Amino acid sequence: QVQLVESGGGLVQAGGSLRLSCAASGRTFSRNAMAWFRQAPGKEREFVAFISWDSFGTYYADSVKGRFTISRDNGKNMLYLQMNSLKAEDTAVYYCAASNLPGFTTQYNYWGQGTQVTVSS
């Protein structure tokens with residue numbers, strides 16, 4: 001059974017940092033593109049960051065560019081999101097996702113259950 005499990009969320013003050021992790025199990029995603037999404041209360045889920053299978057390609061939403069960094073460790077089947085200079089508007093449930101494709105895509109086939117990030121102003 002394929003599972004993506006996020007961790008690392010929590011409550012942080014504005015300007016602070018958090019590092020989210022996503023552990024994949026049930027299969028390897030070393031040849032698959034992965035991404036982070038988020039959903040704030042009352043809003044639709046939105047894209048946050050993308051990383052290609054080989055980490056050579058990354059892409060960020062304008063709202064997080066320069067503050068968030070996506071990375072992965074294929075040997076450990078892990079995905080990360082380093083979030084710095086957090087703002088109240090970053091408050092959301094964060095989800096990791098994996099695609100069946102290696103490069104940039106908007107198609108994601110596997111999703112985690114999410115981890116809550118709350119930024120107090």
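**View 1. Handedness of the disulfide between cysteine 22 and cysteine 96.** In this predicted model, the torsion about the S-S bond of cysteine 22 and cysteine 96 is about 40 degrees, so the disulfide is right-handed. The sulfur atoms of cysteine 22 and cysteine 96 lie 2.0 Å apart, and the structure holds 1 disulfide. Cysteine 22 belongs to strand E3 (residues 18-25) and cysteine 96 to strand E9 (residues 92-98), so the pair ties together parts that are 74 residues apart in sequence. A disulfide is, in general, a covalent bond between the sulfur atoms of two cysteines.

**View 2. Surroundings of the two half-cystines, cysteine 22 and cysteine 96.** Cysteine 22 has a relative accessibility of 0% and counts as buried, because the cut-off for that class is under 20% relative accessible area. Cysteine 96, with a relative accessible area of 0%, is buried. On the E3 side of the disulfide, cysteine 22 stands opposite leucine 79, a residue of strand E8.

**View 3. Strand E8 and its pairing with E3.** Strand E8 spans residues 78-83, and 5 of its 6 residues are buried, so this strand is largely enclosed by the rest of the structure. E8 pairs with E3 in the antiparallel sense, over 6 bridges, and the position of cysteine 22 opposite leucine 79 can be located within these two strands.

**View 4. The hairpin of E7 and E8.** Strand E7 (residues 68-73) runs antiparallel to E8, to which it is joined by 6 bridges. Following the bridge partners, aspartate 73 is matched with methionine 78 in E8, whereas serine 71 has tyrosine 80 in E8 as its partner. There are 4 residues between the two strands of this hairpin, and asparagine 77, which lies in the turn, has a positive phi of about 60 degrees.

**View 5. The open sheet of 4 strands.** The strands are arranged in the order E1-E3-E8-E7, with antiparallel pairing. Strand E1 (3-7) and E7 stand at the edges and have a single partner strand each, so one side of each is left without a neighbour in the sheet. From one strand to the next, the twist averages 15 degrees. As a guide to reading such a view, the side chains of a regular strand alternate between the two faces of the sheet. Within the order given above, E8 stands between E3 and E7, and it is joined by 6 bridges to E7 and by 6 bridges to E3.

How values were computed: Residues are numbered from 1 along each chain as its sequence is written. This is a predicted model: local features need pLDDT of at least 70, side-chain atom pairs count only at pLDDT 80 or more; totals for chains, interfaces and linings use all residues. Side-chain values use heavy atoms; hydrogens and water are left out. A disulfide is a pair of cysteine sulfur atoms within 2.5 Å. Buried means under 20% relative accessible area, exposed over 50%, partly exposed in between (1.4 Å probe, protein chains only). Two strands pair if DSSP finds at least two bridges between them. Axes are lines fitted to C-alpha atoms, for helices over the stretch in contact, and angles run from 0 to 180 degrees between N-to-C directions.
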